[in-house]
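Trainee: I would like a close look at one part of this model, with the parts around it brought in where they help. Please take it slowly and give the reasoning as you go.

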Amino acid sequence: MAGIFTPTNQIRLTNVAIVRMKKGGKRFEIACYKNKVMSWRNKVEKDIDEVLQTHTVFTNVSKGQGAKREDLVKAFSTEDQTEICRQILAKGELQVSEKERQQQLESMFRDIATIVAEKCVNPETKRPYTVGMIERAMKDIHISVKPNRGTKQQALDVIKKFKETETMPIDRAQMRLKILLPIKEGKKIKTKLKTMIKTMEREEFGEQLEMVCLVDPGCYREMEDLIRSSTKGQGVIEVLDLKDVEEGDEKLE
């Protein structure tokens, strides 16, 4: 009899995140692993098998009820369930508890603030902001996180908002640094320093190692701490100026 589901066509899933989409007057759901949906949407996770618990499209995941082929074809113009899963993953609504939603939003809020702090400086002091300072400023102008948008794009929006509202002096910029190190210590920490340097403009060995380089603001404090601790205060790190990152550069690497 149609409409009665026997155990053979029921699939029971546990520890599941459900993504739901209404289309053509019908409800469709897919079963995903918890924490993987946002990784997929942020393009961190590329393997769909790491996201989907099964490539089956359901009308009700909790009851294990699979969607009918004719309903899928009518709504999605295909019966390829993996392709339909991709569409639901991209545009569907992630079903989460209120507590989970709150935790997710708080985590994204901090991630956005961290990206802004890593890429921006106070142009008046030529120094980076801390993540805490960015978070407080975001709260002051009531920034709300959009769970379906990537954190990097939202960070760009926050920077624009700060400028529009004149909340705080802020510029996307790289810092041009001059670093002077004793030769012996310089050789030891040069490799580690280079992992934090975006562009090396000059490097000279004389009585000491001298470097002029561009770095993202987020690396400045780590470099300063490394130089101080490795050279027992003999090394010098000096901010020469700032190199603006073009506003047209809409990507945050």
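Mentor: What follows starts with one helix and its neighbours, then moves on to other parts of the chain. Keep in mind that this is a predicted model.

Start with helix H5, which runs over residues 131-140. Which of its residues are buried? They are Ile-134, Glu-135, Ala-137 and Met-138. These four span an arc of only 165° around the axis, which places them on the same side of H5. Arg-136, Lys-139 and Asp-140 are on the other side of the helix, and these are exposed. The cover over the buried residues of H5 includes helix H4 (98-119) and helix H6 (151-165). Just after H5 comes His-142, with a positive phi of about 55°.

One residue on the buried side deserves a separate look. Glu-135 lies in H5. Its relative accessible area is 14%, and because the cut-off for buried is under 20%, Glu-135 counts as buried. The side chain of Glu-135 is joined to that of Arg-110 by a polar contact of 2.6 Å. Leaving aside residues up to four places away in sequence, Glu-135 touches Phe-109, Arg-110 and Ala-113.

The two helices named as cover for H5 also meet each other. The axes of H4 and H6 come within 9 Å and cross at roughly 65°, and the crossing is right-handed. On the H4 side, the contact is made by Met-108, Asp-111, Ile-112, Ile-115 and Val-116. On the H6 side, the residues are Thr-151, Lys-152, Gln-154, Ala-155, Val-158, Ile-159 and Phe-162.

Shortly before H5 in the numbering there is a loop to check. Lys-126 lies in the loop between strand S6 (120-122) and strand S7 (127-128). Its phi is near 60°, a positive value in a residue other than glycine. That is worth noting because most residues other than glycine have a negative phi. Lys-126 is partly exposed, at a relative accessible area of 31%.

Now compare helix H3, residues 81-91, and ask the question put to H5. The buried residues of H3 are Ile-84, Cys-85, Ile-88 and Leu-89. They take up an arc of only 140° around the axis, which means they are on the same side of H3. Ala-90 and Lys-91 are exposed on the other side. What do the buried residues of H3 pack against? Their partners are strand S1 (16-23), strand S2 (26-33), helix H1 (36-41) and helix H2 (69-76). At the start of H3, a side-chain oxygen of Asp-80 comes to within 3.1 Å of the backbone nitrogen of Thr-82.

Helix H1 leads to another acidic residue. Glu-45 lies in the loop between H1 and strand S3 (58-60). Although in a loop, Glu-45 is buried, with a relative accessible area of 16%. Its contacts, not counting residues up to four places away in sequence, are Lys-36, Ser-39, Trp-40, Glu-50 and Val-51. The side chain of Glu-45 also reaches the backbone nitrogen of Asp-47, at 3.0 Å.

The last stop is a pair of helices further along the chain. The axes of helix H7 (residues 183-194) and helix H8 (residues 220-231) come within 10 Å and cross at roughly 160°. Angles over 145 degrees count as roughly antiparallel, and H7 and H8 are therefore roughly antiparallel to each other. H7 passes H8 in a right-handed crossing. From H7, the residues that meet H8 are Glu-185, Ile-189, Lys-192 and Leu-193. Their counterparts in H8 are Met-223, Leu-226, Ile-227, Ser-230 and Thr-231.

Within this pair, take Leu-226, which lies in H8. Leu-226 counts as buried, at 14% relative accessibility. Not counting residues up to four places away in sequence, Leu-226 touches Ile-189, Lys-192, Leu-193 and Met-196. One of these, Lys-192, is 34 residues from Leu-226 along the chain, yet their C-alpha atoms are separated by 9.0 Å.

Finally, Lys-232 is in the loop between H8 and strand S11 (236-244). Its phi is near 50°, again a positive value in a residue other than glycine. Lys-232 is exposed, with a relative accessible area of 76%.

How values were computed: Residues numbered from 1 in each chain as written. Predicted model: local features only at pLDDT ≥ 70, side-chain atom pairs only at ≥ 80, totals over all residues. Heavy atoms only, no water. Buried < 20%, exposed > 50% of the residue type's maximum accessible area, 1.4 Å probe, protein only. Arc of directions from axis to C-beta. Contact = heavy atoms within 4.5 Å. Polar contact = N/O pair within 3.5 Å; in protein donor to acceptor, adjacent residues only side chain to side chain. Axes fitted to C-alpha atoms, helices over the stretch in contact; angles between N-to-C directions. Parallel < 35°, antiparallel > 145°, perpendicular 65-115°, else oblique. Left-handed = near helix turned anticlockwise from the far one by under 90°.
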